[in-house]
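Work through the following exercises with the sequence and the model at hand, and compare each step with its solution.

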Amino acid sequence: MFEVSARSLTVTAERLRRSEIFSELCDEDLIAIAEFCREQTFHEGEFVLVEGAPAETMFIVERGKLALEKKIQIGRHSTPRNATIGYVEPGKIAGFSTLTMPDEYSTSAVCLEPTRVIAVDGKALRAFLETHPAAGLKVMRILAMLVGGRYRNATNTLTYFLSIVSHELRGPLAAIENYLQTMLGGFAGELNPKQKRMIERSILRVVDLRTLIGDVVDLARMRPEQIQADFEWCNPGEIGTESVEDARLAAAEKGIRLIIEPPPKFEPIVGARRRLRQVFTNLLNNAIKFSPPDSRVFFRAWYEQEAVVLEVEDEGPGIPEEDLPHIFKDFFRASNVEQTQGAGLGLSIAMKIIEAHNGRILVRNLTGEAGKTGTRFTVYIPRDLLTPEMRRREWIATESDQLKG
Amino acid sequence: MAEMEKRSYILIVDDDPDILEGIVTILESQPYRLATARDGKKCMEMITQEIPDLLILDLLMPRMDGWGVIREMRSEPRYTHVPIMVLTTVIEDASRRRYELETGMAMDIQDFVQKPANPADLLQRVEKLLKIHV
């Protein structure tokens, strides 16, 4: 009896040695670990572990193949989908969350073919590694490498995927929008009122789609240093005019009056022109989207000592108090806007752009204030930002000052 | 015939036939002479036959891309005066950065329009470029 058990322990230990994670351990350690291992087989399509469940077991694939899947949900109400983020082949492990906080699986693993695994009891493994620090260190070093590799891989895949998708989708959309604009402009013959309305609606829907795609792509690229690399002298008045132009059709569609209150004179500022336009176009479009028909949207600008301030205010239903702390988060959509389309990225992108300008974006619920309803977004952009060229010159100046000193 | 000669000649280059048809339909509303090409190589061939008064150019194209066309146009003395309007889905900052990285020079173009072009805006820009440069 003892003989058989000892032999099967040796067999399991030998299999453990072939796995990446235990490849550096000595025979003694492997045999000790084999004591709390068991072999398991799974059918094709069966889940070995599920994202979010307590990570109690780590799995080493012996034969077959697992797909690592992550649940993706865009917006609150859409159907969650599973995206494959990697594969686990013989010798590799799934469920290494077993060894790390917060002890729950970060992905699901599903069998792509009949799969045999060695299931390692997580609690026992942790206890063993704690009492055998030399072995623990070796395992943790390999684990860190594996986690790092998977992380790098995921980011690369995501960025690559997003850039491909964006390019692939932008081309056809541009062609469609171009045709629609050409027809709407009467360049391909007169339209009757009904056709004209349908084309106008189509343009709005295509623009929504283009914005959505742009947002998803932007999110991947929205790093402060990338935004700051585009800093240049620009006129906030021109940026405002362009944003109003972007939003005009949507406003006309709902009979919304855009009321513009500019300062007596616009002074130039340093900023990322195209990005700032994106912020105000987004705020205006949001205001229009959530406003009742025939209401007003105000777009104001003024100068303060240290900042130029731009403000967009609507007469819509306002944002529920409980949602206010979340509106700048990725993919967040307020609980009272189910009927309105969007991915919930516009404000989080706006926030990232304004933060890259060292600015502030404030939101205020007007509903409840002296018979008013609506929301007001106020954006502060500092007036002392530097272009990359100015930063370079400033740096050279301080360097030479120091040399002189 | 003399009348014909005075009409501005515009060459439009894009690999997307639908974009070409849309742009041509818009520009046909004006008394321009129009020609089209589907890639950079064909564009350069056509320019050797007749120098256009304006080049409307996409960037991402097969065979020779738009950056390549700009490089050739700006290094050949016979063509340096031809105004170029870039019309593309690529964003302006990224387009200019790529040209600078490849050539070490600023991208010498006269206008940049991101697709899709608004027809009225496009007509205005074309007219302005022709007025300045012809």
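**Exercise 1.** Which pattern does chain B follow when read along the sequence?

*Solution.* The model is a predicted one, in which local features need pLDDT of at least 70 and side-chain atom pairs count only at pLDDT 80 or more, while totals for chains, interfaces and linings use all residues. Residues are numbered from 1 along each chain as its sequence is written, and chains are lettered from A and ligands numbered from 1 in the order in which they are written. Chain B holds six helices and five strands, where helices (H or I, at least four residues) and strands (E, at least two) are DSSP runs numbered from the N terminus. Read along the sequence, chain B follows α-β-α-β-α-β-α-β-α-β-α.

**Exercise 2.** Determine how H3(B) and H4(B) pack.

*Solution.* Helix H3 (residues 40–49) and helix H4 (residues 66–75) of chain B pack at an angle of about 30°, their axes lying 9 Å apart; axes are lines fitted to C-alpha atoms, for helices over the stretch in contact, and angles run from 0 to 180 degrees between N-to-C directions. H3(B) and H4(B) are therefore roughly parallel to each other (angles under 35 degrees count as such, over 145 as roughly antiparallel, 65 to 115 as roughly perpendicular and the rest as oblique).

**Exercise 3.** State how many residues of chain B and of chain A enter the contact.

*Solution.* Chain B gives 15 residues and chain A gives 14 residues, two residues being in contact if their C-beta atoms, placed from the backbone, lie within 7 Å. On the side of chain B that touches chain A, the largest share, five residues, comes from H2(B).
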